[in-house]
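This report looks at charged side-chain pairs and at one helix packing contact. Please keep the sequence and the model in view while reading.

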Amino acid sequence: MADISTLYAGLTLRSPLVVASSGLTNKVHKVKAHEEAGAGAVVLKSIFEEQMEQEAAYMSQDSDYPEAMDYLRHYVTSNALSTHIDLIKACRDSVSIPVIASINCYKRDTWMDYARQLVEAGASAIELNVMRIDTDVNEEAGTHESGLVRMVQEMVSSVKVPVIVKLSKFFTNFCKLSKDLYNAGAAGVVLFNRMYMPDIDINKEEIIIGNVFSSSRDLFDSLRYTALVRGTTPQLSIGISSGVRSGEDVIKSILAGADTVQLCTLLYQNGSQMITRLNEHLYHWMEEKKYESVEEFKSRLAATRVDHFNLYQRSQFMKHFSSYDETPINTATPPKDHPGLAY
């Protein structure tokens with residue numbers, strides 16, 4: 001009988017499927033529904049550092065006293081933290097699967113104490129979500145990465161649970177950064193965090209929010225870098241995120257080296273029952289392939305061999321497409337049997 005449990009950042013999960021930090025995990029009844037559907041773990045909705053600061057600034061905008069801003073910042077932060085702590089405690093009393101707390105921050109000074117309180121409330125792990133785009137032209141390249149590594153070092157020394165780092169795509173060398181994070185004490189990384197995309201309304205000539213949901217195309221980058229990071233830092237746990245739409249995608253993710261698969265858009269669009277369906281797809285595929293455990297095929301196609309490593313790198317691009325040189329490619333209507341050409 002196939003066992004679909006997995007080991008992730010030191011936690012034993014009954015399934016590789018993890019519900020990502022979002023509005024899907026901001027209430028106890030939602031978390032219970034995900035558990036009943038078969039989720040291996042949930043990541044609670046994030047505490048956002050910028051959001052708390054903006055709220056405090058808005059509340060004090062009519063005040064002439066600097067002390068008011070300090071008071072309101074403390075009030076807003078304490079209230080948000082208290083609400084999050086209550087959610088963690090309620091979830092711990094209601095579900096048996098791991099409950100991971102998510103912290104979305106861009107500075108490292110005050111968050112260590114918050115993390116400790118979240119762990120004391122019952123968080124099984126901390127997912128550190130550092131989401132920002134560097135725009136300071138006076139900042140040396142690599143400054144953000146080194147700051148992130150220091151933040152993880154401090155976080156690891158402050159809490160007694162696994163620390164997982166959810167990364168955006170805006171780094172230059174994920175293999176090096178992932179290894180540095182592992183050396184700093186991180187138990188795992190999640191590839192990738194999806195930033196909200198800006199768009200432009202040409203009629204109103206205004207900046208608007210683009211599509212907040214991921215698409216199936218987002219999976220390709222996640223697969224590539226999951227495989228590469230697994231090949232260069234095999235001890236590091238990896239969660240894959242963005243673009244998973246089917247049981248096939250779950251299996252691909254595990255073959256590439258992922259320990260877990262985070263779900264968000266799919267559940268928003270189809271509900272918690274999709275967790276059950278994906279688990280069933282994974283189970284039946286393992287039965288068909290005669291795999292008794294996830295560990296038997298996990299990382300089977302990761303970049304742990306030279307030939308696999310090369311295939312995941314762009315250096316293979318021209319070699320792969322050289323066979324098409326004789327026939328001009330209509331980029332507007334790519335060949336049906338080569339969907340990858342529609343870029």
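## A buried acid

Does D259 count as buried or exposed? In this predicted model, D259 has a relative accessibility of 6% and therefore counts as buried, since the cut-off for that class is under 20%. Its salt-bridge partner is R230, with the closest N and O atoms 2.8 Å apart. R230 lies in helix α7, whereas D259 sits in the loop between α8 (247-256) and β13 (260-263), so the salt bridge ties together parts that are 29 residues apart in sequence. R230 is buried as well, its relative accessible area being 6%.

## The salt-bridge network

The pair of R230 and D259 is part of a wider arrangement, for R230, D259, E295 and K298 are linked in a network of salt bridges. Within this group, K298 and E295 meet through their side chains in a salt bridge with an N to O distance of 2.8 Å. The two residues fall into separate accessibility classes: K298 is buried, with a relative accessible area of 11%, while E295 counts as partly exposed at 46% relative accessibility.

## A link from a loop to helix α7

The structure holds six salt bridges, and one of them joins K169 to D221, where the closest N and O atoms are 3.3 Å apart. This pair links distant parts of the chain, with K169 in the loop between β8 (163-167) and α6 (174-183) and D221 in helix α7 (residues 218-232), 52 residues apart. Both partners are partly exposed: the relative accessible area is 33% for K169 and 31% for D221.

In general terms, side chains of opposite charge can pair when their charged atoms come close.

## Packing of α7 against α8

Two packed helices are described by the angle between their axes and the distance between the axes. For α7 and α8, the axes come within 8 Å and cross at roughly 25°. Because angles under 35 degrees count as roughly parallel, α7 is classed as roughly parallel to α8.

On the α7 side, the contact is made by L219, L223, T226, A227 and R230, which meet D249, K252, S253 and A256 in α8. The residues of this contact divide into four nonpolar, two polar and three charged. R230 thus appears in two settings, as a residue of the contact between α7 and α8 and as a member of the salt-bridge network with D259, E295 and K298.

Methods. Residues are numbered from 1 along each chain as its sequence is written. This is a predicted model: local features need pLDDT of at least 70, side-chain atom pairs count only at pLDDT 80 or more; totals for chains, interfaces and linings use all residues. Side-chain values use heavy atoms; hydrogens and water are left out. A salt bridge is a side-chain nitrogen of Lys or Arg within 4 Å of a carboxyl oxygen of Asp or Glu. Helices (H or I, at least four residues) and strands (E, at least two) are DSSP runs, numbered from the N terminus. Buried means under 20% relative accessible area, exposed over 50%, partly exposed in between (1.4 Å probe, protein chains only). Axes are lines fitted to C-alpha atoms, for helices over the stretch in contact, and angles run from 0 to 180 degrees between N-to-C directions. Angles under 35 degrees count as roughly parallel, over 145 as roughly antiparallel, 65 to 115 as roughly perpendicular and the rest as oblique. Contact means heavy atoms within 4.5 Å. Ala, Val, Leu, Ile, Met, Phe, Trp, Tyr, Cys and Pro count as nonpolar, Asp, Glu, Lys and Arg as charged, and the others, Gly among them, as polar.
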